[in-house]
Amino acid sequence: MDRIRIRGGQPLHGALHIGGAKNAALPLMAAGMLTDDRLLLGNVPRLADIATMSALIAQHGVAVVPDGRTLSIGGPIDNTEAPYEIVRKMRASILVLGPLLARVREARVSLPGGCAIGTRPVDLHLKGLEQMGAVIRLEGGYVNAAAPGGLRGAVIVLPFASVGATENLLMAATLADGRTEIANAAREPEIGDLATCLLTMGARIEGVGSDKLVVDGVPRLHGAAHPIVADRIETGTYACAAAITGGEVRLVGGQLAHLGAVAAALRSAGVEMTEQDGALVVRRAHGLHGADAMTEPYPGFPTDMQAQFMALMSVAEGAAMVTETIFENRFMHVPELNRMGANINVHGASAIVRGVRGLSGAPVMATDLRASVSLVLAGLAARGDTIVNRVYHLDRGYEALEQKLAGCGADIERIPG
Ligand code: EPZ
């Protein structure tokens with residue numbers, strides 16, 4: 001298994017490009033299954049998860065044709081099973097369920113199972129689809145779903161603003177018979193991007209960007225071309241990299257608007273951010289001070305930025321309270337950061353971070369995508385060498401991470417394992 005070695009202490013200076021959002025690309029690829037025509041996605045990031053989703057969609061019989069940073073998806077579905085071998089590698093595989101039911105009225109999708117950060121149930125996806133007329137039976141670790149008469153519109157109230165459930169139900173509703181309302185819908189920018197793409201494919205959706213989506217089903221959708229929105233989590237991650245090293249970096253393509261609560265937290269910690277010529281310029285000229293963060297559905301502070309922000313707070317002056325309200329086990333970066341000299345104490349869903357003057361490099365273990373990158377951030381600021389193991393987690397969500405950081409002066413290299 002590859003490892004990454006970082007020799008910390010270099011303030012980052014330079015520019016790096018922000019890619020298309022992984023968490024927009026995955027549902028958008030599933031949306032390509034809603035029509036036989038071709039959906040042309042642009043600004044596609046080169047990530048392991050994109051390759052996994054491509055393989056999953058292709059084994060449903062739908063042609064997936066990459067061409068540089070463009071991906072074209074479309075064609076008839078001739079297999080309605082999403083096998084455990086693929087689904088277990090990537091939970092977002094569950095996003096083919098809605099499109100399969102909407103297009104061919106049946107699906108056999110492996111339950112994703114849990115992952116390191118939590119049990120990750122999909123009950124909200126299934127309940128919503130049942131309200132739309134699907135008959136669902138769980139057997140042998142699979143979701144066996146059928147809608148022989150086709151899906152029909154329904155009024156769905158999500159008890160929690162689930163991102164994946166909102167995406168699955170939105171896609172299913174575009175081809176359902178009648179009107180579907182999704183109340184307490186998640187409002188993440190990736191959902192707005194999916195809805196925008198569906199509209200260009202001929203879907204009828206109102207309330208995009210709000211917590212109430214109203215969809216009038218249509219008989220069929222047609223092809224379209226859609227550029228994937230910039231990755232706000234990648235943007236926030238590299239903003240933390242600039243801040244933790246005390247440098248100044250131009251994040252080309254980064255959008256301040258989508259950083260929302262992350263920008264507010266970074267600014268209160270002493271980080272300066274300004275938009276200039278299509279780039280987000282992030283700099284930290286003076287000291288960092290502790291700032292609190294509580295993860296919440298958008299527009300709150302995103303859970304996918306919690307680990308990165310905690311790494312930053314570990315070298316801030318003063319204390320910071322970081323509270324995780326979305327997932328039940330998303331503090332696995334804490335013991336690894338503490339091995340690097342951080343002073344973090346976890347009490348239930350909250351962690352109190354007491355800033356230290358500096359971190360020291362160490363061999364550390366990655367456990368999930370965002371915990372992995374928080375260890376890279378800590379390594380950039382630490383004295384000496386940090387070796388991050390199991391970097392396959394990173395490759396799922398960060399394209400060319402070492403090259404982007406080395407391009408801004410970081411002393412970082414991948415050691416093939
Ligand atoms: C999406 O996961 C993202 N993944 C996650 O990013 C992100 O952390 C999460 O949204 C929250 O923003 C993709 O977009 C591919 P949820 P998802 O449904 O859809 C509970 C990353 O690092 N829940 O909003 O799975 C669930 O257990 C990944 O890029 C149910 O109880 O998130 C969790 O506690 C990690 N029942 C909470 O809701 C359900 O049916 C949030 O889940 C669905 C969810």
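Student: How far does a backbone N or O atom of Ile326 lie from an oxygen atom of the ligand?
Tutor: This is a predicted model, where local features need pLDDT of at least 70, side-chain atom pairs count only at pLDDT 80 or more, and totals for chains, interfaces and linings use all residues. Residues are numbered from 1 along each chain as its sequence is written, and side-chain values use heavy atoms, with hydrogens and water left out. A polar contact is a pair of N or O atoms within 3.5 Å; within protein, one must be able to donate a hydrogen and the other to accept it, and residues adjacent in sequence count only if both atoms are side-chain atoms. For Ile326, the backbone atom to ligand oxygen distance is 2.6 Å.

Student: Which residue has a polar side-chain atom 3.0 Å from an oxygen atom of the ligand?
Tutor: Lys22 has a side-chain N or O atom 3.0 Å from a ligand oxygen. A polar side-chain atom at 3.0 Å from a ligand oxygen also comes from Asn23.

Student: How much of the accessible area that the ligand has on its own does the protein cover?
Tutor: Accessible areas come from the Shrake-Rupley method with a 1.4 Å probe; for residues, only the protein chains shown count as cover. On its own, the ligand has 830 Å². The protein covers 85%.

Student: Which helix gives the most to the shell around the ligand?
Tutor: Helices (H or I, at least four residues) and strands (E, at least two) are DSSP runs, numbered from the N terminus. Two or more shell residues come from each of helix 1 (22–31), helix 5 (123–131), helix 6 (163–173) and helix 12 (369–381). The most, three residues, come from helix 5.

Student: How many residues of the shell around the ligand are charged?
Tutor: A residue is near the ligand if one of its heavy atoms lies within 4 Å; 21 residues surround it, the closest being Asp123, Leu124, Ser162, Asp304 and Ile326. Ala, Val, Leu, Ile, Met, Phe, Trp, Tyr, Cys and Pro count as nonpolar, Asp, Glu, Lys and Arg as charged, and the others, Gly among them, as polar. The shell has nine nonpolar and five polar residues, and the charged ones number seven.

Student: Why is helix 12 largely enclosed by the rest of the structure?
Tutor: Buried means under 20% relative accessible area, exposed over 50%, partly exposed in between (1.4 Å probe, protein chains only). The buried residues of helix 12 include Leu369, Arg370 and Leu380. Helix 12 is largely enclosed because its buried residues number 12 of the 13.

Student: Which residue has a side-chain oxygen that reaches the backbone nitrogen of Arg370 at the start of helix 12?
Tutor: The two atoms are within 3.2 Å. The oxygen belongs to Asp368.

Student: Which helix gives the most to the largest nonpolar core?
Tutor: A nonpolar core is a set of buried Ala, Val, Leu, Ile, Met, Phe, Trp, Tyr and Cys residues joined through side-chain atoms within 4.5 Å. The largest has 75 residues, and those with the most contacts inside it are Leu97, Leu129, Met132, Leu151, Leu170 and Leu198. With seven residues, the top contributor to this core is helix 1.

Student: How many residues has the other core, which includes Leu16?
Tutor: This core lies apart from the largest one. Ala263, Met313 and Leu369 are also among its members. Its residue count is 70.

Student: Is Asp49 buried or exposed?
Tutor: Asp49 is found in helix 2 (residues 48–58). Contact means heavy atoms within 4.5 Å; not counting residues up to four places away in sequence, Asp49 touches Lys22, Leu26, Met90 and Arg396. Its relative accessibility is 2%, so Asp49 counts as buried.

Student: What is the relative accessible area of Ile6?
Tutor: Ile6 is in strand 1 (residues 3–7). Beyond four places in sequence, its contacts include Val376, Gly379 and Leu380. Ile6 is buried, with a relative accessible area of 0%.

Student: Which peptide bond is cis?
Tutor: Most residues other than glycine have a negative phi, and most peptide bonds are trans. Pro299 is in the loop between strand 18 (293–294) and helix 10 (306–313). With omega near 10°, the cis bond runs from Tyr298 to Pro299.

Student: What is the phi of Arg105?
Tutor: Arg105 is in the loop between helix 4 (97–104) and strand 7 (106–110). Its relative accessible area is 41%, so Arg105 is partly exposed. Although Arg105 is not a glycine, its phi is positive, about 65°.
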